[in-house]
Amino acid sequence: MSSQSTLAIETSGLVKTFGETRAVDGVDLAIPQGVVYGVLGPNGAGKTTTIRMLSTLLTPDGGTARVLGHDVVKEAGAVRSRVSLTGQFASIDEDLTATENLTLLARLLGFSRSQAAARAEELLAAFDLTDAAGRQSKTFSGGMRRRLDIAASLVITPDLLFLDEPTTGLDPRSRNQVWDSVRAMVALGTTILLTTQYLDEADQLADRIAVIDHGRVIAEGTTGELKASVGTGALHVRLVNAETRPEAAQLLTRALASPVFQESDPFALSVRTDDHERVAGALAELARSEIAVSDFAFGRPSLDEVFLALTGRPAEDAQTDQEDAA
Amino acid sequence: MTLTSETTATPGVPADALRKALTSQIRPSRPNPLTAVRVSAWRTMRKMKHYGVAVLFDVTLMPIVFLLTFTYLFGGAFAGSTKEYLQYFLPGVLVQTVIMPTVYTGTALNMDITRGIYDRFRTLPFWQPATIVGSLLGDIVRYVLALTTTMGVGLALGFRPDGGMGGVLAAMLLLLLFAVSVSWIFAALGVVAKAPETVSGSSMLVMFPLVFTSNIFVEPETMPGWMEAIVNANPVSNAATAVRGLVHGDASGADIGWVLLASGVITLIFAPLTMHLYRAKSRQ
């Protein structure tokens, strides 16, 4: 075990290009051990590429990266022995059962036959898969598959675990199970770097967050700091009729004394505000002006809004620009 | 929007079991290459077991259809009588039987690469080519199944090997060696192809000319000179001739020697090429 003073991850000017695209364009990170660190960004922002470089699956084209004190290029072997990656797409053999998958990996890591069997059983119990142990994993639900994939990353307890969008595409119950596992792992001393597209998820789990866009870190801080930079709350309104949006926008701007963000959905509007009373008044005013509202919500700012605040443009743009780059 | 409370654990995540699993400090030393190969071969065989009879259908349906149609439709015309033709044709079908499923090695390898488990393997400390070598060896089970089934059908239809049981066994061993060497070609293709369908699709471009421009179906004597030359140069013809010789008890050393040489040359070219491509793939 290295001392807590060694950073879990330290990168400086990290670059990866694919043809013309600079998928990662000078990323600097300093992540201490023992925390959950969130990397937040839209599709194609460079999250997966960054994580693949840090886990030695891709070689950087520029800059340096040290993981638990080891250089990811010169000491790739040392890095690999202490980190583990659960990728965005399940890296399990779907033809094999859950037990066979874990046994296979344990044996390839050097466990003896009996050690491998015991370890597989232990991990299946830990991720609530004991009942499905003998089933081919292609029959698994998305949540079970993801849990098996995480279990597969823990055959040897890693000091640092990379989770690439661990809850994308999962139903709420499965997502909560993954979240609970993440909390349990960090409580036991594993450092976790997770990427996500959801501010909500980063908010729930991460001690610190880096927001990344077009391959660059555009904001970094605790969840509190990040939220303060975009306002703590927002009113989301969805209209029945898209044509009433300009009128509704005007009205809300006046009522809430705050700029209105017209979302990419032509029926949707949002306004950053913390003022409950004014929100109630604004909604009442919409009703008086006979602008029909199909639903509304008052809550945390969405990733769209964080992006607007940080970049001056909605996250959707980044998505279409770089979709192919990931 | 609040969807979860932070204090109550979701039912289904057993905290104690998770704690136990995460405090494990087993750090074994890396497995030796032989173990890694054995484990990979085990994996291939387990997959086959899960597919069950489907594997058998996959690999024997085609040869049996060929066996029946060629023997009973064309056999009389080719060789005077169907019985006579079967004596000539069955050893050829055995070659076809064992050559066709070598493509699976390539598709399986490509599936690993395109579907993510390859990334997991790359971060593990074992001798990396073990996954390829292991799957090649595991596939021998498939070839044995295919060969024995086709042979069984042949015997039922009236095929009589003059070389006896010993000749048949020797022929099968030679074919296994030949098949493993040919499967290296598809392993190489499996590493470079973009999708498993590309491997199986393009394999047909290799398979059909290789199988049909051979002496599997008919003696090349009646062909035009240029075609006869092509057929005689085809290693599949050499294999068919050697197998015919072994099962009928009149194989010449040269017939067998040619097959061994072809197997050796194919392996010497495609095994290192596959390994090189596989390693190069990880250095992106």
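**Exercise 1.** Which residues does A:Leu102 touch, not counting residues up to four places away in sequence?

*Solution.* This is a predicted model. Start at A:Leu102 and skip its sequence neighbours up to four places away. The contacts are A:Arg119, A:Ala120, A:Leu123, A:Leu124, A:Ala151, A:Ala152 and A:Val155. Next, place A:Leu102 in its core. The largest nonpolar core has 146 residues. A:Leu102 is one of those that touch the most other members, with A:Leu123, A:Ala151, B:Leu94, B:Val95, B:Leu175 and B:Val243. Helix H8 of chain B, residues 164–192, gives the most to this core: 16 residues. Another core, of 14 residues, lies apart from it and includes A:Ala234, A:Leu239, A:Leu252 and A:Val271.

**Exercise 2.** Describe how H4(B) and H8(B) pack.

*Solution.* Two packed helices are described by an angle and a distance between their axes. Helix H4 of chain B spans residues 82–99. Its axis and that of H8(B) come within 9 Å and cross at roughly 35°. The crossing is right-handed. Now list the contact. H4(B) brings B:Pro91, B:Leu94, B:Val95, B:Val98 and B:Ile99. H8(B) brings B:Ala171, B:Leu175, B:Ala179 and B:Val182. Finally, sort by type: nine are nonpolar, none polar and none charged.

**Exercise 3.** Work out what chain B brings to its contact with chain A.

*Solution.* Count each side. Chain B gives 41 residues and chain A gives 48. Then find the helices. H1 (15–22), H2 (33–51) and H6 (117–122) of chain B each supply at least two residues. H1(B) has the largest share, seven residues. Last, sort chain B's side: 19 nonpolar, 11 polar and 11 charged.

Technical notes: Residues are numbered from 1 along each chain as its sequence is written. Chains are lettered from A and ligands numbered from 1 in the order in which they are written. This is a predicted model: local features need pLDDT of at least 70, side-chain atom pairs count only at pLDDT 80 or more; totals for chains, interfaces and linings use all residues. A nonpolar core is a set of buried Ala, Val, Leu, Ile, Met, Phe, Trp, Tyr and Cys residues joined through C-beta atoms within 7 Å. A residue is buried if 20 or more other C-beta atoms lie within 10 Å of its own, exposed if 12 or fewer, and partly exposed in between; C-beta atoms are placed from the backbone. Helices (H or I, at least four residues) and strands (E, at least two) are DSSP runs, numbered from the N terminus. Two residues are in contact if their C-beta atoms, placed from the backbone, lie within 7 Å. Axes are lines fitted to C-alpha atoms, for helices over the stretch in contact, and angles run from 0 to 180 degrees between N-to-C directions. A crossing is left-handed if the near helix is turned anticlockwise from the far one by less than a right angle, and right-handed if clockwise. Ala, Val, Leu, Ile, Met, Phe, Trp, Tyr, Cys and Pro count as nonpolar, Asp, Glu, Lys and Arg as charged, and the others, Gly among them, as polar.
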